[in-house]
Amino acid sequence: MSPETGGPSAREPITMEDLPLREDLRGRAPYGAPQLEVPVALNTNENPYPPSPALAAELARNVEQAAAGLNRYPDRDATRLRADLATYLGHGLGADRVWAANGSNEILQQILQAFGGPGRTAMGFEPSYSMHPVISRVTATEWLPVQRSAGDFGIDTADAVAAVRRHRPDVVFLTSPNNPTGTALGLETIAAIAEAAPGMVVVDEAYAEFRREGTPSALTLLEEHPRLIVSRTMSKAFALAGARVGYLAAHPAVIDALQLVRLPYHLSAVTQVVAATALEYADELLGQVKQLRQERDALVEWLRECGFAVADSDANFVLFGDFADRSAVWRGLLERGVLVREVGPPQMLRVTVGTAAEMSAFREALLQVSPEQLL
Ligand SMILES: Cc1ncc(COP(=O)(O)O)c(C=O)c1O
């Protein structure tokens, strides 16, 4: 105890609860999947393929060049990267309709900083990506959860429109393909919600490149809906999770609004050059995405043949069950060196699609642990 203040002295061990923390953050745990060292990590929806030697060499060359100018701040507007991202997205987009940040999580945070905040609300359709409510809370935005359909994890358009009309949220999150279920939304559902919503509608398309043939992207709706935002990431399809690059496409006015909340020079020169270099290898990287989609479809088929309940997936992961005790299955897999994720409905597990070798290790381990655990 400090004699002057009566509070704990600097030398006494204190916990964060002793600090003058915001009341609404007290008792909360930081977000994160367990980081365990395992031979087969299929728990965080990463891309299993590292950059090719050619891409790694090009990254090293370009980073070396950027290193020579690191005494200067980076391009604050990330102009070249945004133009390259716009070209990659197509749909007639230009740099003025694209914004980039450190992972799509930072994109979502900037959206909530600009359009959410104290006295405002954000709505999402659960089960979905658990960072949407976390970032909402951190930006003091009230979270309004609505349940997805129990059977197929879809969103009933009429129910969703009714919920939006009733609650009038400032921000609506639609995740398509959805994490952790893999479910994609039809454009008519997104359009109807965008029509009804009084505020911003964010379609989180982190897994867009993994969608099955014929599944549309909300990018096609941008022209008609100026309050629609499509958010994407280079963490998944571009196998660049370690570089932290996310981006969005929206009306230029939305980009102007986000500039009000972004930190100056938020995207480092190294990040900008790494992302632009990876975009030059889009064909190579998207070839691997094709392989992963095939592996995903084969996994869904195999799980169904084995008698598991499996949600249709347009992403690089599959939600499967139904287990009487999913924690027991999770532990059994871990004991065999395979790490999956305990997330979503309580009887189901989520497995990320890895390489062919990783998937056969997963299948072998699952057959050993699961039979008596199925509902
Ligand atoms: C739906 C969804 N959105 C956004 C993200 C965040 O990705 P990142 O911050 O790596 O771009 C994830 C990551 O798993 C996700 O599943």
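Here is a friendly exchange between a trainee and a mentor about a predicted model with a bound ligand.

Trainee: Where does the ligand sit?
Mentor: Let's begin with the site itself. This pocket has a volume of about 800 Å³, and 29 residues line it. The ligand sits in the largest pocket.

Trainee: Which residues are closest to the ligand?
Mentor: Good thing to look up before anything else. In total, 13 residues surround the ligand. By class, this shell divides into three nonpolar, seven polar and three charged residues. The closest are Ser104, Asp204, Tyr207, Thr233 and Ser235.

Trainee: Which helix gives the largest share of the shell around the ligand?
Mentor: The share in question amounts to three residues. The helix also gives the largest share of the lining of the largest pocket, with four residues there. It spans residues 103-115 and is helix H3.

Trainee: How far is a backbone N or O atom of Ser104 from an oxygen atom of the ligand?
Mentor: Ser104 is one of the closest residues to the ligand. A polar contact here is a pair of N or O atoms within 3.5 Å. The Ser104 pair uses a backbone atom, and its distance is 2.6 Å.

Trainee: How far is an oxygen atom of the ligand from an N or O atom in the side chain of Thr233?
Mentor: Thr233 and Ser235 are both among the closest residues. For the side chain of Ser235, an N or O atom is 2.6 Å from an oxygen atom of the ligand. For the side chain of Thr233, the distance is 2.5 Å.

Trainee: How much of the accessible area of the ligand does the protein cover?
Mentor: Start from the ligand on its own, which has 400 Å² of accessible area. Of that area, the protein covers 92%.

Trainee: Which lining residues lie nearest the centre of the largest pocket?
Mentor: The lining as a whole divides into 11 nonpolar, 12 polar and six charged residues. Those nearest the centre are Tyr31, Thr44, Asn105, Tyr129 and Lys236.

Trainee: What is the volume of the largest cavity?
Mentor: A search of the whole structure finds one cavity of 30 Å³ or more. Its lining includes Tyr31, Tyr129, Asn179 and Pro180, and by class the lining has four nonpolar, three polar and two charged residues. The volume of the largest cavity is about 50 Å³.

Trainee: What is omega for the cis peptide bond that joins Asn179 and Pro180?
Mentor: Both residues line the largest cavity. Pro180 is found in the loop between strand E5 (171-175) and helix H6 (187-196). For this cis bond, omega is about 15°.

Trainee: Where is Pro127 found?
Mentor: The peptide bond from Glu126 to Pro127 is cis, with omega near 5°. Glu126 ends strand E3, which covers 121-126, and helix H4 covers 131-138. Pro127 is found in the loop between strand E3 and helix H4.

Trainee: What is phi of Ala78?
Mentor: Ala78 is found in the loop between helix H1 (53-67) and helix H2 (79-89). The sign is worth a look, as this is a positive value in a residue other than glycine. Phi of Ala78 is near 45°.

Definitions and conventions. Residues numbered from 1 in each chain as written. Predicted model: local features only at pLDDT ≥ 70, side-chain atom pairs only at ≥ 80, totals over all residues. Heavy atoms only, no water. Near = heavy atom within 4 Å. Polar contact = N/O pair within 3.5 Å; in protein donor to acceptor, adjacent residues only side chain to side chain. Areas by Shrake-Rupley, 256 points an atom, 1.4 Å probe, with all protein chains shown as cover. 1 Å grid on protein atoms, 1.4 Å probe; cavity = no way out; pocket = protein on both sides within 12 Å on 5 of 7 lines; lining within 4 Å. Sits in = over half its atoms within 2 Å of the grid points. Helix = DSSP H or I, 4+ residues; strand = E, 2+ residues; numbered from the N terminus. Nonpolar A, V, L, I, M, F, W, Y, C, P; charged D, E, K, R; others polar. Points joined across faces, edges and corners; volume = space filled by probe spheres on them.
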